[in-house]
Each structure stands twice: as structure tokens, then as C-alpha cells.
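Here is a short note for someone opening this entry for the first time. The points below are meant to be read with the structure in view.

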Amino acid sequence: MSTGEPLETVADRCRISYQTARNELKAVFAKTGTHRQAELVSLLTRLLPKQ
């Protein structure tokens, strides 16, 4: 998702249904206090160690 791929593509690659991916993403949003994919990617980028 950090590359901007649609959720449908990510779900297919992970071999899960689109609805399951959506539910998991909603749970991650709730746990991180984010509301959009761009916010989530930004947060995760800040948390990852610099290389």
C-alpha cells in the first residue's frame, strides 16, 4: 500500500478477500488514530528506522 497500489491489488497479492483487507485496514486505522491511507503510510514511515 505504501506504493499507492489499490487495496484490491494488495488483497489479491495476500490471497485474502477485498472485504477482509478492508476490515483489517479499518482496525489498523482505529489502533493508530489515522483516518486515511496516506496518514497511515506517513506514520509508518516516521516509525521505521532510517537506512
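1. Start where the first helix ends. Just after helix 1, R15 takes a positive phi of about 60°. Please keep in mind throughout that this is a predicted model.

2. Helix 1 itself spans residues 7–14, and its buried residues are L7, V10 and A11. Why do they lie on the same side of helix 1? The three cover an arc of only 100° around the axis, which puts them on one and the same side of the helix. The general background is that an α-helix has 3.6 residues a turn, so residues three or four places apart point the same way.

3. What do the buried residues of helix 1 pack against? Their partner is helix 2. On the face of helix 1 turned away from the buried side sit D12 and R13, both exposed.

4. R13 deserves a second look. With a relative accessible area of 53%, R13 is exposed because the cut-off for that class is over 50%. R13 also forms a salt bridge with E5, and the closest N and O atoms of this pair are 2.6 Å apart. E5 has 24% relative accessibility and therefore counts as partly exposed.

5. How many salt bridges does the structure hold? There are 2. Besides the pair R13 and E5, E39 forms a salt bridge with R36, where the closest N and O atoms are 4.0 Å apart. In this pair R36 counts as exposed at 52% relative accessibility, whereas E39, at 31%, counts as partly exposed.

6. The next stop is the loop between helix 2 (18–32) and helix 3 (37–47), where T34 is found. Is T34 buried or exposed? Its relative accessibility is 8%, so T34 counts as buried; the cut-off for buried is under 20%.

7. The surroundings of T34 can be listed briefly. The side chains of T34 and T32 are joined by a polar contact of 2.8 Å. Once neighbours within four places in sequence are set aside, T34 is in contact with F29, E39, L40 and L43. One of these, E39, is also the salt-bridge partner of R36.

8. To recap for the reader: helix 1 packs its buried residues against helix 2, while D12 and R13 are exposed on the face turned away from the buried side. T34, in the loop between helix 2 and helix 3, is buried and has E39 among its contacts.

Definitions and conventions
Residues numbered from 1 in each chain as written. Predicted model: local features only at pLDDT ≥ 70, side-chain atom pairs only at ≥ 80, totals over all residues. Heavy atoms only, no water. Helix = DSSP H or I, 4+ residues; strand = E, 2+ residues; numbered from the N terminus. Buried < 20%, exposed > 50% of the residue type's maximum accessible area, 1.4 Å probe, protein only. Polar contact = N/O pair within 3.5 Å; in protein donor to acceptor, adjacent residues only side chain to side chain. Contact = heavy atoms within 4.5 Å. Arc of directions from axis to C-beta. Salt bridge = Lys/Arg side-chain N within 4 Å of Asp/Glu carboxyl O.
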